Every structure is written in C-alpha cells, then in structure tokens.
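Please open your viewer, show the chain as a cartoon, and keep the selection tool at hand. The tour goes from stop to stop, each time with something to select and something to look for.

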Amino acid sequence: MRYWVTAACAAALMAMPLAAVAQEAGGRSAAERNRTAIAEDIERNWARASAEEREVTTSHSITAHGKRLNYKATAGTLTVRNDGGMPTASLFYVAYTLDGQAPGSRPITYMFNGGPGSPSIWLHMGAFGPQRVLTDDPVVERPAPFRMGPNDMTLLDKTDLVFIDMVGAGYSRPLGEGTGAAHWGVDGDVDTFARAILRYTTRFNRWSSPKFILGESYGTLRAGALAYQLEDRGMSLNGVILLSSIMNYGVRQSGYPQNFVTLLPTYAATAWYHNAIPNKASVSLEDHVQRARDFAIGRYNAALNKGHFIPDQERAEVAREMSALIGLDPAFIEQANLRVELSPFRKELLRDRRQTVGRLDSRYTGIDYSHVTSSPEEDPSSSAITGHYFGVFRDYVANTLKYETDLDYRQSARGLPGFDWNWSHRSPLGGVQTTPNTAVDLAAVIRRNPHVKVLALNGYYDAATPFFSTEYDLSQMMLEPHLRRNIQFTYYEAGHMMYTSREPLEKLYRDMAAYYDETANGGLR
C-alpha cells in the first residue's frame, strides 16, 4: 500500500483543465474520465487499514522501582466486528506484558485518552508506559533532538498495560462500507471500545486476570459508560481509574451557576501558584483551596442563585471575598456579575505582567500578540509539549517497537470528514441524555458490582476538568453509605496531565501502586 497517486494519474490530474472541454464518443468528458482514473488509483494504492489483525512483539528491559523489569511490547491492531460479524473498525494498541508472569492471574489495565478525538499517546508516553517523554518544569519543550528515556515510574510492575487509540486517531481507522461517524458519538464510541477490550481479553486469554480501565479527560466520561457496558456484556471490572475527570457535561455548560462554582477552587489554586493573592506565605495550597471550596459551595453558590435579585451590598461583599481568593480586582468581578468565565480569568490574572495562564495546566504562562483582548490566543500548556510527544512517538513506534505501516499517526480524529460528535447518551436509568452524565452509569456498576473500586486522580491546576467538578459529579451518584467507600480521591500540584512533572509523577505512582495492591485480590503477583 502506498500514499502516493501514480505518475500517470498525477499527470492526468494536471491536464484536467485543458481536457475538460474535449468530449469523447461515449459522452463522458476527458475530465470525468481522468477523475475516475484517479479515484480508482487511490482505491488501489492509498494507505488504508486492514481487517486482518496483526501485531509485532519485541523484548525489552528497564530498571524501575529498584528492580529489573523484563517485558514484551506488542504493537498491533484489533478488529472490531458488529453483531453480524462484519468488520467495522481497526483499533491500534500497544501492550506491555511482564515476563515470567502467569497471564491468567496478573492484572491488566486498558488505557485511553480523551478529546473526544485523541489517541492514547499522552498516557502511554507521559505517565505509565516503560518509556517516557522526559518533561518536568512547566516550560516550552525544545524541538528535536527529543528527550525520551526509561520510565522508572512505570506501572508495569503492578499491572500489564494496554493503550488503545480511538477510531480516527493514531493508527485506528474505520473499516468496511461504514464511516467513522458510526463510532463518533458517546454510545458508538463506548460500543467500539467495549468490543475491542472484549476481543483483546479473549484473544490473549486474559479473562482470569483482574481487570481495570483507566481514562483521562473525556476518557473518564467514556470510562463510566464503558464500565457499565462491559458489566452488561459479562466482564466485571476490579477497578475504574479516572484521571482528570469530566463525567457530567451538564455541569460544565457556560453560563450555568454550577460551572462557576466548580471552577472557583481551581482559580484560587492558580492565583496561589502565581503569587497573585495577598499573604501567600501564610497559607498552604491545600488550606487556600479548602477555603475556596467552602466559599464556593456556600456563600458564592447562594449569591449566584439569587441572580440579578442579589442586593448591591451583598454583590460587593462577595466580589471582595472572591478577590482575596482568586486574585482578580473586585471591580472586574462585579462587572462580570460574579460570573468569571475561564478565558477572561486566564487573560486577566497576570495582565499586569503581560502574561496569560494555561487551560490544561494553569502553571504555564503565555504571551499574546495583544494585551488588551479578553481571551488568550492559545493554551500555552498544550502547545508547549504537543510537538515533543508526537515527534518522540513516531520515532519510538517505528524504531523501537518495529511496527511498520503506511498509515499516518493522526494527532486527532477532529477535522476528519464526518467527525461531528453525537453527544446523546442512553442512560442505564432509562431515557436519552442530550448532555451526557456517565457518573450515572458508573453508579449503576458499583451497585451491581460492589467490589469495583474507583480512583479519581486530580490536578489542582487543571482548569479544563477542575477537581471540584469531579468532586461534585461523584457526590451526585447517590450511593448507599457503605458503597461510598469504593471511591477514593487523590490530588497533585500539577495540571490536567499531572504526570508531565517529575514530583507529581512520583506521587501518582505511589498512590496508584497502593490502589492496585489493595484492589487486585489484596496484592499482586
């Protein structure tokens, strides 16, 4: 398979404007004939995914957690089929399995990122795989030569790892006569992942293994519904791990009071980090954040619910209290009617320093073309590392994992023809949600399988999926008291991808190692 169109068809393509006026005896213009030839050439030669599953396995070793880990890396594809047995998608994955372990008893974790539209490269090369992009401080990474090396904080000592790319991202592609649109929606996407995980579990004989799923960002919304679908199809999970969660899109709608309430503690953490509050030295991050939580759920929430009926004096008092917490001028807060949207906050907090702050990680700062606009030009915490990750991975998958393909490793499925995400979701409680909330699905799983344990991992400086929003979403699951103990929260002095900094990564490993030791049959082998 090839990417290029043949020279003959390329020449025909260039000749089309001149040939378009010439008619053939059969009634078709030369231009039409040329277009047909080009289409046929592309059909024969353009790189496309195959329904035939394939994998390449290589052997490696690293030193991590004070011991040598010998492991196998498998890069391959899983063919997803519909109920009639017809192939509908080819999903690319990379799996890491520890040598010398009995597959049936060793835990396995299926991991995926979010978007929707993202491949699993971030979790794979930043957090848990045996090799890692070497980032630390919240600064812009240099271009090539890239920095990558052994990840001594890998989770491979606790669990085998399978990183899966969604349809349209990475090397994953739709198959057959269908298009990606069938997979590009809350429920279609979950169905695809469920079939892929069931397929991997069967093909590699992992039904006896303790099983976990881990999603990041939108991947947490996927994880809630996926846990339910797997449970419904006969796979009971040991654990569900939510990294930087957004499970209820209804809460995060712009303009709704709850959105401002859940953002405020993240604003407070950001102001603390950038020394934008008075007397920072006298208060720890945790204490400052707790004050913001108490204010947000109490007086601030009450003030917002009064709408424009709030008395002027109360509005001014609330604005002053907010100012002390989030570092903005009380007059600015009043002009925003106490409702400070995320983009204006990112622009306003450090305006006097001619800087903006990041969205995925508000520790990062950026510089805009104009300092008088109301919103930042971009997210500096995203642009600072994206090129580094994708540059490293393309080299790694070809030269270390020895996976050869003519397909392009896509940074995102967004922008592809037909990519218009279907946000409707059929709830296990009945009816269809137009703004999905899969915490409902996860709650149903916990009620049905009281042994499943949920771990929610949160960055204090994550403004894309704020930690207080996660707390709110999971507090609305309405679980019985004895089941609420199934949910655990951990926090990191980092952003959305807390693993990009070394110290939070080390804490992340410690927290997750303890979770696996407790959850997977009381200890791993």
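What follows is a walk through this model, beginning with the whole chain and then turning to chosen residues.

**The whole chain**

Before selecting anything, bear in mind that the model is predicted. Colour the cartoon by secondary structure, and you can look for 16 helices and 16 strands. The protein has 525 residues, and buried residues make up 55% of them. If you consider the contacts between residues at least 6 apart in sequence, 70% of these join residues at least 24 apart.

**Aromatic pairs**

Now show the side chains of Phe, Tyr and Trp, among which the structure holds 31 aromatic pairs. Select Phe-212 and Tyr-515: the ring centres are 5.9 Å apart and the planes stand at 65°, and because an angle over 60 degrees counts as edge-to-face, the pair is given that name. Phe-212 belongs to strand 9 (residues 211-217) and Tyr-515 to helix 16 (residues 502-519), so this pair ties together parts that are 303 residues apart in sequence. Both Phe-212 and Tyr-515 are buried.

Select Tyr-460 and Tyr-491 next. Is this pair stacked or edge-to-face? With ring centres 5.7 Å apart and planes at 15°, the pair is stacked. Tyr-460 sits in the loop between strand 15 (453-459) and helix 14 (467-475), while Tyr-491 is in strand 16 (residues 487-492), so the pair ties together parts that are 31 residues apart in sequence. Tyr-460 is buried, its relative accessible area being 7%.

Keep Tyr-491 on the screen and add Arg-293, which lies over the face of Tyr-491 at 5.5 Å from the ring centre. For another example, select Lys-280 and Trp-272, where the lysine lies over the face of the tryptophan ring, at 4.1 Å from the ring centre.

**From Tyr-460 to Thr-266**

Return to Tyr-460 and select Thr-266, a residue of helix 6. Leaving aside neighbours within four places in sequence, Thr-266 is in contact with Tyr-460, Tyr-461, Asp-462, Ala-463, Pro-466 and Phe-467. Thr-266 is buried, with a relative accessible area of 1%.

**An aromatic cluster and the cores**

Select Phe-92, Trp-122, Tyr-171, Tyr-389, Phe-390, Phe-393, Tyr-396, Tyr-403 and Tyr-409 together, and you will have a cluster linked by ring pairs. Stay with Phe-92, whose contacts beyond four places in sequence include Ala-75, Phe-163, Asp-165, Val-397 and Tyr-409.

In soluble globular proteins, nonpolar side chains tend to be buried together. Here the largest nonpolar core has 60 residues, and those touching the most other members are Phe-92, Tyr-96, Phe-128, Leu-457, Tyr-499, Leu-508 and Met-512. Which helix gives the largest share of this core? Helix 16 does, with seven residues. Apart from this core lies another, of 54 residues, including Trp-184, Val-190, Ile-213 and Ala-223.

**The largest pocket**

Switch to a surface view and look for the largest pocket, which holds about 750 Å³ of space. Its lining has 33 residues, and to find its centre you can select Gly-115, Ser-217, Arg-359, Leu-360 and His-496, which lie nearest to it. Strand 9, helix 6 (257-273) and helix 12 (386-399) are the elements that give two or more residues to this lining.

Two of these residues deserve a look at the backbone. Select Gly-115 with Pro-116, since the peptide bond from the glycine to the proline is cis, with omega near -5°. Pro-116 is found in the loop between strand 4 (108-112) and helix 3 (121-128). Then select Ser-217, in strand 9, where phi is near 60°, a positive value in a residue other than glycine. At 16% relative accessibility, Ser-217 counts as buried.

**Two last stops**

Select Lys-402, in the loop between helix 12 and strand 13 (425-426). Lys-402 is not a glycine, although phi there is positive, at about 60°, and with 48% relative accessibility Lys-402 counts as partly exposed.

Finish at Arg-68 in strand 2 (residues 67-81), which is exposed, with a relative accessible area of 58%. Not counting residues up to four places away in sequence, Arg-68 touches Ser-61, Ile-62 and Thr-63. If you draw a line from the C-alpha atom of Arg-68 to that of Asp-157, 89 residues apart along the chain, the separation is 9.5 Å.

Terms used:
Residues numbered from 1 in each chain as written. Predicted model: local features only at pLDDT ≥ 70, side-chain atom pairs only at ≥ 80, totals over all residues. Heavy atoms only, no water. Phe/Tyr/Trp six-rings, centres within 6.5 Å; stacked < 30°, edge-to-face > 60°. Helix = DSSP H or I, 4+ residues; strand = E, 2+ residues; numbered from the N terminus. Buried < 20%, exposed > 50% of the residue type's maximum accessible area, 1.4 Å probe, protein only. Lys NZ or Arg CZ within 6 Å of the ring centre and 35° of its normal. Core = buried A, V, L, I, M, F, W, Y, C linked by side-chain atoms within 4.5 Å. Contact = heavy atoms within 4.5 Å. 1 Å grid on protein atoms, 1.4 Å probe; cavity = no way out; pocket = protein on both sides within 12 Å on 5 of 7 lines; lining within 4 Å. Points joined across faces, edges and corners; volume = space filled by probe spheres on them.
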